[in-house]
Amino acid sequence: MQRQNIRGMYMRSGLALFFLLAFCGGSLFIIFPQAAHAAVQATYYVSPTGSDSNSGTSINSPFATIDHARQVVETVNGNMSGDIVVYLLGGMYTLNNTITFTPKDSGTNGHQIYYEAYSGQTPVLSGGAQVTGWMQYSGSIYKAHLSRTDKLRSLYVNDRRAMMTSKTITSQGCWGTYSITAGQASWAWVSGSQADGLQFNPSDFPQVSSNISDIEMSTSSTWNQVIVTVRGTTTSGGHTVAELQQPYGAIAEQAGWGAGFNCGSGTQVTVYNAFSLLNTPGQFYFDRAAQTLYYDALPGQNMATATVIAPNDNLNTLLSVEGTSTSNRVQNLTFSGLDFAYSDWNLENVGGSYGKASVQGDTVSIAFAQSNWHNDVYRSIDTIPAAVMVDSSQNITFTRNTFAHTGDDGLAERNDVINSQTIGNYFYDIGGSAFSIDYPQHVYIGDGGTHEKFPPGVEGDCINDVFKDNVTLNTAVLFLGHAAVAAYFVNKFDFEHNVIQNTPYNGLSMGWGWHNFNGASDSVFPGRPTTVAGNNTVAYNDFFNMVQALTDTGAIYTLGAQPNTTLINNYLNGIPNHGKSEGVHMDEGSAGITMTNTVINVSSGTLTYSANNCCEQTNLTITNTYSTNGNIYTPIASNSVENLPMVYPSANWPAAAQSIIQSAGLEAAYQNVGTTPIPSVTPVSTSTPTPTPSVTPTPTPGVTPTPTPGVTPTPTPGVTPTPIQGGSGCSVHYAVTNQWQGGFGASLTITNTSSTAINGWSLVFSFPNGQTITQLWNGTVTQSGSVVTITNISYNGSIPAGQSTSSSPGFNGTWNGTNSPPTAFTLNGVACSVV
């Protein structure tokens, strides 16, 4: 697996970022230094080219499989006298089943068992298989044989995710009735009925001749996305009717507060996974009946040489760490330097029907239950699987790993995980959340009940866990409502020095329960407040490009009571103005939280933060907020302290704010984690403007405060673009990095193929389908109709001969119907080749 090679790195505190690189099989990998170990009891080696009949005790006689190494370690770890190290040599470890670690795989006597990359090598634990034998089908569409039982939701071509075919159409109304009687099945908790299908204009709904059950449909609320599947089609009153797979269709419609699937007339519905929709480069369709995979190649892709990976049938989890109870945990394991890639998930299966309904965030509905999801203490919801899952464990460490190209979450630590360390990992192109910790049913620990996921003696809160110096990039690419990091009823959770980038919803969602379990008279259990969550720290984090598709959230989002929780020294940059988007959103029931020393760079009209008293928020303290606008919700929550934001409209930050920005993000020892685009650099004034308290708007999103006077920085003279001379000129690589209903992200890599340096550049191209750029970094943009002009900024205007832009531009945009890439580019007036 190739690491995403986005040019441009963070420069913090004057420290240049650097890599040790190795070239292996045509792919570029980050190589982390070998960890030093103390006393070692035993050492083993594993290689994809080894044999499980080997001794495994030397690099020349390695085992072939990780699971066999695990079994051998079980024979020597009962009374450890030193650490045990299992070195994984580089290469692809193709998995067909989950590797499972149980309590008998634990380190003992305080010693650790390490499963780590051998020095200078990159082992990839892969749930995928290569697809070969591509033949041209028609135009840019190619086909190949794929043996697979389930439908295919993810595909990867040359290390880039391809998307299922899709089209957004308008519902003409609900159709039919599906009725449920409580107790008729294990999933039927209450009686009720919902619509059995949707009506569409016949010209809108795709023509489907086979694999009808592979069709998916999704709708979105301001904060949620819901996916259902189709069982068949019929006609009614001149409309084409898409009949829902049941009971999941009814389950998806049941959620209250507008969180459910919406079949109503006028609703925008995105239809996925029909062959007739295969008309956009970068999309695919798998004909399950014919076992044939079709792919519409991007410009410049050569399918004869392309590396194409399809996940194996429904291998949700590549590796799991599973204790059995609070008294029988897995202990003392470290996983280091490994790549986890190509997990699969084909949605939730309830009674033979599939879908992905959610009340909010990293959850999935599993039963037909009350529409008020609070009343059953969240037992009607679960969390989705992850490529790596941990339960009932302590002292488990993940460090220097990569989690990429997942069909579900990246890493999940759900129940009774204590003293875990997740440090220095890179999460890239994740289907859902990069990291999920704790569990939505942990309102009360050990309360039991018929539908409780974890019974008494097994259920335990996640306590004293660390998520630090990690990078997340392009998360929630399949499930838009997921946070990059989702934390439920966590206690003593330390979230520090992370870089969180590019997500359609929030960066960190922390807390659960809303105000419905605060013990008040209107709560589910009056006089019985939850006391599980609290004592958390969110510090020195860098959030960039949040809230890109959904809304009613912020880069940091909190729910419920979390006494003694502190948000401090965080930098939030790049939140667009759409709907109710915010820098920090302290939502219903948020209590006991202090926020201080926060720099928030948001679009005009976007809320800096909300901490008002709409929904029983209380005991909040907000001080030392630096913002580009003063938009907040008022009045402040009860029993709270608030110093209004200090406003610097042009982001001409004072020294104190600049210090916060410089200290946010990765620490020096982890500057080589991931590769990340540089967010747009804001000008720094040579004189410090006088901080002026903001004007507090009325509680209406997007109210612009009275402009605050400030010192206007002296404009920096621009660089005049010079003509390209010598050689063939330039080449441009355009790639869609993320796509969701109505929105997408893309990157542009400009290469100077001439013999002289370019000093200042202007790139011009046209969108073929009416796409619009809504936010751009590493450049400035103007758009007139379909014509886009992107110009360099101060730090990336020079492109040496034979090299590419040092910090390539990237952007988010909107699309409708079709999202074809541009086919022609000019740089400083010279036509570029498209690669």
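## Before we start: buried or exposed

Let's pin down one idea first: a residue is called buried when its relative accessible area is under 20%, exposed when it is over 50%, and partly exposed in between. Take Cys174 as a test case: its relative accessibility is 37%, so Cys174 counts as partly exposed. Keep in mind that this is a predicted model.

## How confident is the model?

Across the protein chain the pLDDT averages 88, and 89% of the residues score at least 70. Two stretches deserve some caution. Over residues 2–32 the pLDDT is below 50, and this stretch has 92 contacts in the model beyond near neighbours in sequence. Over residues 676–727 the pLDDT also stays under 50, and here the model has 115 contacts beyond four places in sequence.

## The disulfides

A disulfide is a covalent bond between the sulfur atoms of two cysteines. How many turn up in the whole structure? The search finds 2 disulfides. One of them joins Cys174 to Cys263, with an S to S distance of 1.9 Å. Cys174 belongs to strand S15 (residues 174–175), while Cys263 is in the loop between helix H2 (248–254) and strand S22 (268–272), so this pair ties together parts that are 89 residues apart in sequence. The torsion about the S-S bond of Cys174 and Cys263 is about 90°, so this disulfide is right-handed. We already met Cys174 as a partly exposed residue; Cys263, at 6% relative accessibility, counts as buried.

Now for Cys730 and Cys832, whose sulfur atoms are 1.9 Å apart in a disulfide. Is their link right-handed or left-handed? With -90° about the S-S bond, the link of Cys730 and Cys832 is left-handed. Cys730 sits in strand S55 (residues 730–740) and Cys832 in strand S65 (residues 830–834), so the bond ties together parts that are 102 residues apart in sequence. Cys730 and Cys832 are both buried. If you number the bonded cysteines of the protein chain in sequence order, the pairing reads 1-2, 3-4. Two further cysteines to look up are Cys462, buried with a relative accessible area of 1%, and Cys615, which counts as buried at 16%.

## Aromatic rings

The whole structure holds 44 aromatic pairs. Tyr444 and Phe525 make an edge-to-face pair, 6.0 Å from centre to centre and with 65° between the planes. Tyr444 is in the loop between strand S38 (435–437) and strand S39 (466–468), and Phe525 is in the loop between strand S44 (508–510) and strand S45 (537–539), so the two rings tie together parts that are 81 residues apart in sequence. Tyr444 is buried, with a relative accessible area of 9%, whereas Phe525 is partly exposed at 30%.

For another kind of geometry, try Phe467 and Phe495: their ring centres are 5.6 Å apart and their planes are at 5°, so the pair is stacked. Phe467 comes from strand S39 and Phe495 from strand S42 (residues 494–496), 28 residues apart. Both Phe467 and Phe495 are buried. They also belong to one aromatic cluster, whose members include Phe101, Tyr115, Phe335 and Phe543.

## A charge over the rings

Which residue lies over the face of Tyr444? That's Arg528, at 3.9 Å from the ring centre. The charged end of Arg528 also sits over the ring of Phe525, 5.4 Å from its centre.

## Salt bridges

The count comes to 19 salt bridges. In one of them, Arg414 pairs with Asp391, the closest N and O atoms being 2.5 Å apart. Arg414 is in strand S35 (residues 409–418) and Asp391 in strand S33 (residues 386–399), 23 residues apart. Both Arg414 and Asp391 are buried.

Glu667 and Lys468 form a salt bridge too, with their closest N and O atoms 3.7 Å apart. Glu667 is in the loop between helix H3 (655–663) and S55, and Lys468 is in strand S39, so the pair ties together parts that are 199 residues apart in sequence. Glu667 counts as partly exposed at 28% relative accessibility, and Lys468 is partly exposed at 22%. Next come Glu582 and Lys580, whose side chains meet in a salt bridge of 2.5 Å, N to O. Glu582 counts as buried at 0% relative accessibility, and Lys580 counts as buried at 19%. Finally, salt bridges that share partners join Asp67, Arg70, Glu74 and Asp105 into one network.

Definitions and conventions:
Residues numbered from 1 in each chain as written. Predicted model: local features only at pLDDT ≥ 70, side-chain atom pairs only at ≥ 80, totals over all residues. Heavy atoms only, no water. Disulfide = S-S within 2.5 Å. Helix = DSSP H or I, 4+ residues; strand = E, 2+ residues; numbered from the N terminus. Buried < 20%, exposed > 50% of the residue type's maximum accessible area, 1.4 Å probe, protein only. pLDDT = per-residue confidence, 0-100. Contact = heavy atoms within 4.5 Å. Phe/Tyr/Trp six-rings, centres within 6.5 Å; stacked < 30°, edge-to-face > 60°. Lys NZ or Arg CZ within 6 Å of the ring centre and 35° of its normal. Salt bridge = Lys/Arg side-chain N within 4 Å of Asp/Glu carboxyl O.
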